[in-house]
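Grab a coffee and work through a few short exercises on reading a protein fold. Try each task yourself before looking at the solution.

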Amino acid sequence: MKISIRRSRRAAIAVALGSVLALTATACGDDGGGAAGDKGGEGSGKGQITFWDTNGGVRTDIWKEIIADFEKANPDIKVKYVGIPAASAQSKYDTAIQGGGLPDVGGVGTAMLAEVAVQGALDPLDSRLKGSALDGKLSQNLVESSRAAGGGKQLYQIPTSSNNGTLWYRTDLFEKAGLDAPTTWTKFYEAADKLTDKGKNRFGFTIRGGEGSIAPALDASYGQAGVDSFWDGDKTTVNDPKVVAALTKYVSLYKKDTPSADVNNDFTKMVAQWDSGTIGMLSHNLGSYQDHLKALGDGRFRGLPSPTRDDGSRVQISNPVDGLSVFKPSKNKAAAWKFIEFAVSHAENSKYNKSAGQIPANTEAAKDAWVQEAEPTKLAAEALNGAGTKIVQLPYYLPDWNTISKADNEPNFQKVLLGKMTAKEFLDLLAKQLNEAQADWKQNH
């Protein structure tokens, strides 16, 4: 029933969107471009362009620095900066798509990329990238994540950075227990068992059971199983027997080697719990590094990429990728593209990601000294760009992905942890929803 209701809602949205596009096809915006449907133009490559920073406030200072560098190098182009809080970015774009006022260039993360692209708001960038200064200088795994998030056929986003999944572990506790670093899944499980002492309220791992639980659970499952594609034809692999076995083993850690409170914990509570010093390992991204450093001090912890299988092969799910897009209604796409080329160049991409604490998309920037000195970022970049790394592309392009992976199944994952649903039942249900969403998407695309 839930799926059919969702389809009806999508159909209504599609009809409404068609009407909006028909009405606004010739609309002209006052903030860099018109509405979706307006084809825009190359322009002179000079004059003013409007840039939307969709993490306004958090990244305002570094973007203004990059803009100043750009304007100095391109004195005939001026960039109007507009900072938009991340929480309202999607709604801001949706409003501009319908009513006009889209920017020339803006930040569009993979989580919202498909929804913006399907409304006809973005220019494909394949031909611009080919032969440009960025050609061959970007992480191919990130480029493919960008392409997949936009639907798989065209590139609508030039990646700027990624916040890779990281296994943080307490080096002091590992050394005291005589344990090797948890570089493989076998070593991970061994450490989770050996570091647990419930009588002393010590646990080997903290598992994410609250908000945001599905992605880390899938990362652990695909990483152990070695299944390296989310789809087998038009059917998802989430309920492949190998993935089911891996998730079954992973959730068996709950209450055995993890605190019971984990069933409700989101990343904020997990990080605080781990930083208290009684837990050996935590799976979270690079963004929590400063929290750990402040709580534990240097030398008491490390951050590694997700473990490999025993044969050394690495499979990990795609993480959200930040990036820049050119908007179709722009009247000065030539200047907008110049800005993207500059912002993702070696020096500027390095500067941006050093400030953000993320992995540079520019492979030359990923080799810079600050990355080499920040071990978790260095190892994550090496893993991301490693020839043997397989990335399982999550279907961000599906209109229902966020609903399926959050509202529909986060409560079900809690049932798995509590023993009220098996891992197989959980993954079979998830697979049914995803297969129906994929069939619906293919029918309409």
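The exercises below go through aromatic rings, a sheet and helix packing in this predicted model.

**Exercise 1. Classify the ring pair formed by phenylalanine 51 and tyrosine 81: what is its geometry?**

Step 1. A search of the whole structure finds 24 aromatic pairs. For phenylalanine 51 and tyrosine 81, the ring centres are 6.2 Å apart and the planes stand at 50°, so this pair is tilted.

Step 2. Now place the two rings in the chain. Phenylalanine 51 belongs to strand S1 (residues 47-53) and tyrosine 81 to strand S2 (residues 77-83), so the pair links distant parts of the chain, 30 residues apart.

Step 3. Check the surroundings: phenylalanine 51 and tyrosine 81 are both buried.

**Exercise 2. Do the same for phenylalanine 70 and phenylalanine 339: what angle do their planes make, and what is the pair called?**

Step 1. The planes of phenylalanine 70 and phenylalanine 339 are at 90° and the ring centres 5.2 Å apart; planes over 60 degrees apart count as edge-to-face, so that is the name for this pair.

Step 2. This pair, too, links distant parts of the chain: phenylalanine 70 sits in helix H2 (residues 60-73) and phenylalanine 339 in helix H13 (residues 333-343), 269 residues apart.

Step 3. Phenylalanine 70 is buried, as is phenylalanine 339.

Step 4. Zoom out: ring pairs join Phe51, Trp63, Phe70, Tyr81, Phe339, Phe342 and Tyr352 into a cluster.

**Exercise 3. Trace the open sheet: in what order do its strands lie, and which are the edge strands?**

Step 1. The sheet has 6 strands in the order S2-S1-S3-S12-S4-S13, with mixed pairing.

Step 2. S2 and strand S13 (359-360) are the edge strands, since each pairs on one side only.

Step 3. Look at the S13 edge. Strand S4 (residues 158-162) pairs with S13 in the antiparallel sense over 2 bridges, and serine 161 has proline 360 in S13 as its bridge partner.

Step 4. Add a helix: H6 (residues 140-149) lies across S4 and strand S12 (321-326), running at about 115° to S4.

**Exercise 4. Decide how helices H3 and H4 are oriented: roughly parallel or roughly antiparallel?**

Step 1. The axes of helix H3 (residues 89-99) and helix H4 (residues 110-118) come within 11 Å and cross at roughly 10°.

Step 2. Angles under 35 degrees count as roughly parallel, and H3 and H4 are therefore roughly parallel to each other.

Step 3. Find the residues that meet. On the H3 side they are Ala89, Gln90, Tyr93, Asp94 and Ile97, and on the H4 side Met112, Glu115 and Val116.

Methods. Residues are numbered from 1 along each chain as its sequence is written. This is a predicted model: local features need pLDDT of at least 70, side-chain atom pairs count only at pLDDT 80 or more; totals for chains, interfaces and linings use all residues. Side-chain values use heavy atoms; hydrogens and water are left out. Rings of Phe, Tyr and Trp (its six-membered ring) pair if their centres lie within 6.5 Å; planes under 30 degrees apart count as stacked, over 60 as edge-to-face and the rest as tilted. Helices (H or I, at least four residues) and strands (E, at least two) are DSSP runs, numbered from the N terminus. Buried means under 20% relative accessible area, exposed over 50%, partly exposed in between (1.4 Å probe, protein chains only). Two strands pair if DSSP finds at least two bridges between them. Contact means heavy atoms within 4.5 Å. Axes are lines fitted to C-alpha atoms, for helices over the stretch in contact, and angles run from 0 to 180 degrees between N-to-C directions. Angles under 35 degrees count as roughly parallel, over 145 as roughly antiparallel, 65 to 115 as roughly perpendicular and the rest as oblique.
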